[in-house]
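Student: I would like to learn how to read a protein model, one feature at a time. Could you take me through an example?

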Amino acid sequence: ITRSKDEVLRFFTTTPQHWMMLHKVVIAYYKNETISKNQLLKFIERSYLTSNTYIDNAIKKEYFKFIRNKKDKRSIFILPTDRTIKSFEKFVMQRENLYKI
């Protein structure tokens with residue numbers, strides 16, 4: 001699976017910030033940690049509007065999903081969808097096989 005053939009990975013390779021955002025969300029997911037939209041906005045290091053657009057587009061395309069923080073209704077957590085996890089894992093496994101050779 002090349003990044004260009006996979007729709008999810010193609011979206012996240014649009015800019016370096018998209019790629020970093022994908023990793024940040026997926027790594028938090030694997031560590032069983034939560035990442036709030038606010039934390040992700042700060043991590044992306046673009047203007048608030050640009051960063052917000054990146055995240056909202058990922059949610060709209062169903063690559064990320066969000067859940068409301070039960071303790072603070074103003075805060076939302078960002079999670080990868082199953083589709084995103086599958087694409088990412090397939091990509092990582094292929095890289096691993098590539099470097100074994």
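Tutor: We begin with the whole chain and then turn to one helix and several single residues.

Tutor: This is a predicted model, in which local features need pLDDT of at least 70 and side-chain atom pairs count only at pLDDT 80 or more, while totals for chains, interfaces and linings use all residues. Residues are numbered from 1 along each chain as its sequence is written, and side-chain values use heavy atoms, with hydrogens and water left out.

Student: Which helices and strands does the chain have, and in what pattern do they follow along the sequence?

Tutor: Helices (H or I, at least four residues) and strands (E, at least two) are DSSP runs, numbered from the N terminus. Here the chain has five helices and two strands, and reading along the sequence gives the pattern α-α-α-α-β-β-α.

Student: How does the radius of gyration of the chain compare with that of a compact globule?

Tutor: The radius is taken over C-alpha atoms, and the globule rule is 2.2 Å times the number of residues to the power 0.38. For 101 residues a compact globule would have a radius of gyration near 13 Å, and the chain has 14 Å, which agrees. The C-alpha trace spans about 50 × 25 × 20 Å along its principal axes.

Student: What share of the residues counts as buried?

Tutor: Buried means under 20% relative accessible area, exposed over 50%, and partly exposed in between, with a 1.4 Å probe and protein chains only. By that rule, 40% of the 101 residues of the chain count as buried.

Student: How much of the contacts comes from residues 24 or more positions apart?

Tutor: Contact means heavy atoms within 4.5 Å. Among contacts in the chain with a separation of 6 or more, residues 24 or more positions apart account for 48%.

Student: How many positive and negative side chains are there?

Tutor: Lys and Arg count as positive and Asp and Glu as negative, whereas His and the chain ends are not counted; the place of a charge is taken as NZ of Lys, CZ of Arg, CG of Asp or CD of Glu. The chain has 21 positive and 10 negative side chains, and the centres of the two sets lie 2 Å apart.

Student: Now for a single helix: which residues of H3 are buried?

Tutor: An α-helix has 3.6 residues a turn, so residues three or four places apart point the same way. In helix H3, which covers residues 37–44, the buried residues are Lys37, Leu40, Leu41 and Ile44. Seen down the axis of H3, these buried residues fall within an arc of 105° (taken from the directions from the helix axis to the C-beta atoms), so they line one face of the helix.

Student: What do the buried residues of H3 pack against?

Tutor: They pack against helix H2 (16–30), helix H4 (48–60), strand E1 (64–68) and strand E2 (76–80). From the side of H4, asparagine 52, which is placed in that helix, is in contact with Lys37 and Leu41, leaving aside neighbours within four places in sequence. Asparagine 52 counts as buried at 15% relative accessibility.

Student: Where does serine 36 lie, and is serine 36 buried or exposed?

Tutor: Serine 36 lies in the loop between H2 and H3 and is buried, with a relative accessible area of 10%. Not counting residues up to four places away in sequence, serine 36 touches Ser75, Ile76, Phe77 and Ile78. Serine 75, in the loop between E1 and E2, counts as buried at 16% relative accessibility, and its contacts beyond four places in sequence are Ser36, Arg68 and Asn69.

Student: Which residue just after H3 takes a positive phi?

Tutor: Phi is a backbone angle to be read residue by residue. Just after H3, glutamate 45 takes a positive phi of about 60°, in a residue other than glycine. Glutamate 45 is found in the loop between H3 and H4 and is exposed, with a relative accessible area of 63%.

Student: What is phi of glutamate 62, and where is that residue found?

Tutor: Phi of glutamate 62 is near 65°, a positive value in a residue other than glycine, and the residue is found in the loop between H4 and E1. Glutamate 62 counts as exposed at 57% relative accessibility. Glutamate 62 and threonine 81 are 19 residues apart in sequence and 6.8 Å apart in space, C-alpha to C-alpha.
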